[in-house]
Every structure is written in C-alpha cells, then in structure tokens.
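Welcome! Here are some short exercises on reading a protein structure, each with a worked solution. Try each task yourself before you read on.

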Amino acid sequence: MGEKGGAQAGQLLVGLEAAEPIEWALIPPRPRDAFWTTCLFTLSRGDRPASGGRLVPAITERGTPGWTLDLQERTYEKRFGDRTIAPLVRLGLIEEASDVPAHRVVSKRGEETWGQFVQRGGQYLDDLTNL
C-alpha cells in the first residue's frame, strides 16, 4: 500500500470510535504481517487460550530500531522494524503497555479488529484483503 496508501487508509478511519474494528484490508501489507503474527501468538484464535505477550524494543538484523515479540514462555525469533510497527500504532491497533510504556501491546481496537477477522473466517495473513 505504501506511504500514500497508508495515508488513504488513515483518512478512511477518521471518525471511527477508538475501539471500533477496522477492515483487515485497510492495514498496509507489511504492518498487517506483523499484526497478524502478534495477534496469532498473543490473542490466539478459535478455542485456543491466549498466551499473552508484548512487543519489546529490539535491534533488527540490519541494525535498525525495531521490535520483537516477547511471549510469556519464549521470545519470538523474527523482529519487526520500527517502520513496520509505527502504522499499527497510528491506526490504533497497537498501543503502549500500561505497566511498561516502552513496550507495546494489542489495543482494544486491535483486539476487535482481530476478532472480526477471525469471525469472518480469516485464518491466514492475506485472507479478507480483497475490497
């Protein structure tokens, strides 16, 4: 979707309530990948219990600022660049953790968006992306 597409998606979200879910297809592709992974591991889907977890600051393989998923029982090996997570924060899908502001967690809007994605039959990253 790129910078222009992200701005357009942001314009479409003007006026939405803070916890109102957004359409899966409006999340730009790379941030959607990070969001899908984060939700899958922290919120789960179906009748699997949510394991919890959060994004914690990390340095990417390229040496740039980024994030890694810290799950309660382990750390997810893939790292996400800061420029991948920033659109999720702007869209209100990810927010500061209340107990450790340097960490990020899925917001109420993020939980609602993930729930809507799963309820509509979404299983894989690119499901439900055709508008």
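## Exercise 1: The whole chain

Of the 131 residues of this protein, 38% count as buried. Keep in mind that this is a predicted model.

**Task.** Find how many helices and strands the protein has, and the order in which they run.

**Solution.**
- Step 1: Count the elements. There are 4 helices and 5 strands.
- Step 2: Walk along from the N terminus. The order is α-α-β-β-β-α-β-β-α.
- Step 3: Look at the outside. The protein exposes about 7800 Å², and carbon and sulfur atoms supply 49% of that area.
- Step 4: Look at the contacts with a separation of 6 or more. Residues 24 or more positions apart account for 50% of them.

## Exercise 2: Two packed helices

**Task.** Decide how helix 2 and helix 3 are oriented to each other: roughly parallel or roughly perpendicular?

**Solution.**
- Step 1: Recall what to look for. Two packed helices are described by the angle between their axes and the distance between the axes.
- Step 2: Read off both values. Helix 2 (residues 29–42) and helix 3 (residues 82–90) pack at an angle of about 80 degrees, and their axes are 8 Å apart.
- Step 3: Apply the cut-off. Angles from 65 to 115 degrees count as roughly perpendicular, and helix 2 and helix 3 are therefore roughly perpendicular to each other.
- Step 4: Name the residues that make the contact. Helix 2 uses Arg30, Pro31, Ala34 and Phe35, while helix 3 uses Thr84, Ile85, Pro87 and Leu88.
- Step 5: Sort these residues by class. The contact has 6 nonpolar, 1 polar and 1 charged residues.

## Exercise 3: The nonpolar core

**Task.** Find which element gives the most residues to the largest nonpolar core.

**Solution.**
- Step 1: Start with a general idea. In soluble globular proteins, nonpolar side chains tend to be buried together.
- Step 2: Find the best-connected members. The largest nonpolar core has 21 residues, and those touching the most other members are Trp24, Ile27, Phe35, Leu55, Ile85, Leu88 and Leu93.
- Step 3: List the elements that give two or more residues to this core. They are helix 2, strand 2 (65–70), strand 3 (75–81), helix 3 and helix 4.
- Step 4: Pick the main contributor. Helix 2 gives the most, with 4 residues.
- Step 5: Zoom in on one member. Beyond its neighbours within four places in sequence, leucine 55 is in contact with residues including Trp67, Leu69, Phe80, Ile85 and Ile94.

## Exercise 4: Positive phi

**Task.** For serine 44, say whether the residue is buried or exposed, and find the value of phi.

**Solution.**
- Step 1: Locate the residue. Serine 44 sits in the loop between helix 2 and strand 1 (54–59).
- Step 2: Check the accessibility. Buried means under 20%, so serine 44, at 8% relative accessibility, counts as buried.
- Step 3: Read phi. For serine 44, phi is near 65 degrees, a positive value in a residue other than glycine.
- Step 4: Set this against the general pattern. Most residues other than glycine have a negative phi.
- Step 5: Try leucine 128, in the segment after helix 4. Phi of leucine 128 is near 60 degrees, again a positive value. At 37% relative accessibility, leucine 128 counts as partly exposed.

## Exercise 5: Far in sequence

**Task.** Find what distance separates the C-alpha atoms of glutamate 111 and proline 21.

**Solution.**
- Step 1: Place glutamate 111. This residue lies in helix 4 (residues 108–119).
- Step 2: Compare sequence with space. Glutamate 111 and proline 21 are 90 residues apart along the chain, and their C-alpha atoms are separated by 8.0 Å.

How values were computed:
Residues numbered from 1 in each chain as written. Predicted model: local features only at pLDDT ≥ 70, side-chain atom pairs only at ≥ 80, totals over all residues. Heavy atoms only, no water. Axes fitted to C-alpha atoms, helices over the stretch in contact; angles between N-to-C directions. Parallel < 35°, antiparallel > 145°, perpendicular 65-115°, else oblique. Contact = heavy atoms within 4.5 Å. Nonpolar A, V, L, I, M, F, W, Y, C, P; charged D, E, K, R; others polar. Buried < 20%, exposed > 50% of the residue type's maximum accessible area, 1.4 Å probe, protein only. Areas by Shrake-Rupley, 256 points an atom, 1.4 Å probe, with all protein chains shown as cover. Core = buried A, V, L, I, M, F, W, Y, C linked by side-chain atoms within 4.5 Å.
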